[in-house]
Amino acid sequence: AGIGEIESRHGTIFGGRIAADGTATPAIFGVPLAGGAVANIPDSDRGVIDGDATIDRAVGPMQLIPEAWRNWHADGNADGVQDPQNIDDATLAAAGYLCRAGGMALATESGWRQAVLAYNRSQQYLDDVIRYSTGYAREAAAN
């Protein structure tokens, strides 16, 4: 949940919303990953997933790069369609990625941290995920 908050405000970034079927409306596309302040990720999908045939962009509510989507794609809402713009599908795909990146040890603090840092190699990112995740856990415990 902390990652979903940071990546797209759970699909509501830029005034968007999540439709009843779970699809982000409008579709969410990240900045071109052309280096500089962001990673340099050359085009890997000919624009099929991210709509950009020149450079990769992260897509959907969980901001998965095309390679991650190809590796971890999922049908989280069981509608027969795997769509990175669908919050259920994207969240399940991100969960698969995080489990693998955390060495299947997400129940441990070190495995959890390792997984989050694999998602985005930034200490600030990790700190923000911890802050949001802790807040969500507190809210859930209070309800």
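α4 and α5 pack at about 120°, with their axes 9 Å apart (axes are lines fitted to C-alpha atoms, for helices over the stretch in contact, and angles run from 0 to 180 degrees between N-to-C directions). That angle makes α4 oblique to α5 (under 35 degrees is roughly parallel, over 145 roughly antiparallel, 65 to 115 roughly perpendicular, the rest oblique). Elements are DSSP runs numbered from the N terminus: helices are H or I with at least four residues, strands E with at least two.

Before going on, a word on the source: this is a predicted model, where local features need pLDDT of at least 70 and side-chain atom pairs count only at pLDDT 80 or more, while totals for chains, interfaces and linings use all residues. Residues are numbered from 1 along each chain as its sequence is written, and side-chain values use heavy atoms, with hydrogens and water left out.

**The helix pairs**

The crossing of α4 and α5 is right-handed (the near helix is turned clockwise from the far one by less than a right angle; anticlockwise would be left-handed). On the α4 side, Trp-112, Arg-113, Val-116, Leu-117 and Tyr-119 do the touching, and they meet Gln-123, Tyr-125, Leu-126, Val-129, Ile-130 and Ser-133 of α5 (contact means heavy atoms within 4.5 Å). Sorted by class, this contact has eight nonpolar residues, two polar and one charged (Ala, Val, Leu, Ile, Met, Phe, Trp, Tyr, Cys and Pro count as nonpolar, Asp, Glu, Lys and Arg as charged, the others, Gly among them, as polar).

α4 also packs against α3: their axes come within 8 Å and cross at roughly 120°. So α3 is oblique to α4, and this crossing, too, is right-handed. From α3 come Ala-94, Tyr-97, Leu-98 and Ala-101, which meet Gln-114, Ala-115, Val-116, Ala-118 and Tyr-119 in α4. Here the split is eight nonpolar, one polar and no charged residues. Val-116 and Tyr-119 turn up in the contacts of α4 with both α3 and α5.

**The pockets**

A pocket is an open set of points on a 1 Å grid over the protein atoms alone, where a 1.4 Å probe fits, with protein on both sides within 12 Å along at least five of seven lines; lining residues have an atom within 4 Å of a point. Points are joined across faces, edges and corners, and a volume is the space filled by probe spheres set on them.

| Pocket | Volume | Lining |
|---|---|---|
| Largest | about 810 Å³ | 27 residues: 19 nonpolar, five polar, three charged |
| Second largest | about 280 Å³ | 20 residues: 13 nonpolar, seven polar, no charged |

In the largest pocket, Glu-7, Ala-58, Gln-63, Tyr-119 and Asn-120 are the lining residues closest to the centre. α1 (2–8), α2 (66–72) and α4 (109–119) each supply at least two lining residues, and α2 gives the most, with three.

For the second largest pocket, the residues nearest the centre are Ala-1, Gly-2, Ile-3, Met-62 and Leu-98. Its lining takes two or more residues from each of α1, α3 (87–101), α4 and α5 (123–142). α3 is the top contributor here, with five residues.

**Two backbone oddities**

Which peptide bond is cis? That would be Thr-25 to Pro-26, with omega near -5°. Pro-26 sits in the loop between β2 (24–25) and α2. Then there's Phe-14, which has a positive phi of about 55° although it isn't a glycine. Phe-14 belongs to the loop between α1 and β1 (17–18).
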